[in-house]
Amino acid sequence: MDEHNTPDIHTRITERLRQIQYPGSQRDIVTLGLVGKVQVQTDSAVVQIRASSIKEDVLRHLRGRITQELTTLPEIVHVHIHAFAAQAGEPHQGGQAGNQAVRERADIPGVRRILAVASGKGGVGKSTVAVNLTLALGSLGHKVGLLDADIYGPSVPLMMGTEATPRAGQDKKIYPVEKYGVSLISMGFFLDDQSPVIWRGPIVMSIVRQFLRDVIWSELDYLVVDLPPGTGDIALTLAQEVPLHGGVIVTTPQDVALLDVQRGISMFKQVNVPLLGVIENMSFYECPVCHEKEEIFGHGGAQKTGLKVLGQVPLVEEVRVGADAGKPVVVSAPDHPVAQEFFGIARQVVAAEEMQLPQSVH
Amino acid sequence: MPTPLLLTPIPEDQLLRVLWDDDTLNDYPFAYLRGWCPCAVCQGHGGERHFIEVENPQLVSIDMVGNYAVNPTWDDGHETGIYTYVYLRSLGESQDSQHSQDDPEGTH
Ligand SMILES: Nc1ncnc2c1ncn2[C@@H]1O[C@H](COP(=O)(O)OP(=O)(O)OP(=O)(O)O)[C@@H](O)[C@H]1O
Ligand SMILES: [Mg+2]
Ligand SMILES: [Zn+2]
Ligand SMILES: [Zn+2]
């Protein structure tokens, strides 16, 4: 055993390590139990950091701090840190003690951000908004995908004007349909006509899990998910199963102050998904001849709730016609004011979403 | 919602240490955590929650579930417990008050 390997140096090492606070906390890394075995070999300290839910960037920061602190000790020239960040992985794969003790929920491979579009109740134009928002995000230069998870009424393929079914490749992998530059998957593709409309939660859960595993999305900046309307079990299950980064709620102005929207808000809260804001749909009627705006439901309902309003989409014929014809207004008439409103919403969503990105630690 | 900043299993002390975003620190002895498993297998359906005696349970791994819960896997293969952050936090608090085998949510 080395002459430096004395309780004295160990005590002083621990003292130094106690100077290192965990980012976002007043507590130090020894108190938190992060520090495992510490050994000293001649002029080197070997520090083991226990497996934990620590994130890669936090670990990187702590490595630097540990080296900095320990090399202030005259006996220590080199610092070796044995550590592992939390592993991303499929849940329930049977982990093992050691470096994989804590795992992050797996994101969808290749997908940077996943946004959910929800509504307190049906028929408010949620799918219309999801489709046009996706296309608008695409027009802004982002690579986009659309997951139609509304098992009650998968209407997205119709609105997107495609009857193509996704290609099943080798290994049972599923390749999305491409339309208007959007990678598209609808649960409707997998519903045979015999399936009961109301699925039981566990069945939905297992189908969604399979979706998340088997669909090969190309590299996407944004995947937009059209959730089922309402805040019932199925919507909640989906919000839990899909690793969402943000949510928006579509509502009509007359509903915005109602309980439905509050339920939508608490649904996202329950699963800890940041609510980016609400989109008022069918906000006002715009006369197709003189373009005068007539507010059919009164003004500014959403503002009253104190929520961020990402945009107000008027009730215009072009929106409905575009959807019915499989040519959403954002692609069929991008210069139309209502398409411009969707571009504005897309920009707002990107901005709101970027504010939510975790700040990296330096 | 309380949210954990860091979860660290400490096998030497047979506990899971959790740092919350309000800087609260909670230790959950493995047997305590396993005993209050909220899953239907352990708790049945309905009725009040009760403590499941398991001898020397070892935590094998923990998965983060969404942004709202954790899901431990135990060495006997049990892995159906989804502990929401709210529930986990209440377990930490009721343990602090030394009634570790009382119902953490006090629903007696
Ligand atoms: N801003 C709008 N202007 C005109 N028509 C619209 C507008 N938004 C939606 N619609 C029309 O309203 C109808 C319902 O829209 P959509 O299917 O998008 O609603 P939804 O909320 O997804 O409904 P569901 O709950 O059935 O899924 C459609 O016919 C659509 O074309
Ligand atoms: Mg719809
Ligand atoms: Zn007019
Ligand atoms: Zn259980």
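How many salt bridges does the structure hold over all chains? The structure, which is a predicted model, holds 17 of them over all chains.

One of these salt bridges lies within chain A, where A:Arg18 pairs with A:Asp28 and the closest N and O atoms are 3.8 Å apart. Both A:Arg18 and A:Asp28 lie in the loop between α1 (7–17) and β1 (35–41) of chain A, so the pair ties together parts that are 10 residues apart in sequence. In general, side chains of opposite charge can pair when their charged atoms come close.

**The interface of chain B and chain A**

The contact draws 26 residues from chain B and 34 residues from chain A, and the two chains bury about 2,500 Å² between them, with 49% of that area on carbon and sulfur atoms. Across this interface the rule finds one salt bridge, in which the side chains of B:Glu12 and A:Arg50 meet at 3.2 Å, N to O. Seven residue pairs in polar contact, both residues at pLDDT 80 or more, are also found across the interface. On the side of chain B that touches chain A, the elements that give two or more residues are β1 (4–10), β2 (15–20) and β4 (59–65) of chain B, and β1(B) gives the most, with six residues. By class, that side of chain B has 14 nonpolar, seven polar and five charged residues.

**The surroundings of ligand 1**

Of the 19 residues around ligand 1, those that come nearest are A:Gly123, A:Lys126, A:Ser127, A:Thr128 and A:Pro314. The shell divides into 10 nonpolar, six polar and three charged residues, and at least two residues of the shell are supplied by each of α3 (126–139), β14 (275–286), β16 (309–315) and α9 (317–324) of chain A. The table sets out polar atom pairs between ligand 1 and chain A.

| Atom of ligand 1 | Partner in chain A | Distance |
|---|---|---|
| oxygen atom | polar backbone atom of A:Lys126 | 2.8 Å |
| nitrogen atom | N or O atom in the side chain of A:Asn281 | 2.9 Å |
| nitrogen atom | polar backbone atom of A:Val316 | 3.1 Å |

On its own, ligand 1 has 630 Å² of accessible area, and the protein covers 78% of this. A:Lys126 thus appears both among the residues that come nearest to ligand 1 and as the residue whose polar backbone atom is 2.8 Å from an oxygen atom of ligand 1.

Methods. Residues are numbered from 1 along each chain as its sequence is written. Chains are lettered from A and ligands numbered from 1 in the order in which they are written. This is a predicted model: local features need pLDDT of at least 70, side-chain atom pairs count only at pLDDT 80 or more; totals for chains, interfaces and linings use all residues. Side-chain values use heavy atoms; hydrogens and water are left out. Contact means heavy atoms within 4.5 Å. Buried area is the accessible area (1.4 Å probe) that two parts lose on being put together, summed over both. A salt bridge is a side-chain nitrogen of Lys or Arg within 4 Å of a carboxyl oxygen of Asp or Glu. A polar contact is a pair of N or O atoms within 3.5 Å; within protein, one must be able to donate a hydrogen and the other to accept it, and residues adjacent in sequence count only if both atoms are side-chain atoms. Helices (H or I, at least four residues) and strands (E, at least two) are DSSP runs, numbered from the N terminus. Ala, Val, Leu, Ile, Met, Phe, Trp, Tyr, Cys and Pro count as nonpolar, Asp, Glu, Lys and Arg as charged, and the others, Gly among them, as polar. A residue is near a molecule or strand if one of its heavy atoms lies within 4 Å of it. Accessible areas come from the Shrake-Rupley method with a 1.4 Å probe; for residues, only the protein chains shown count as cover.
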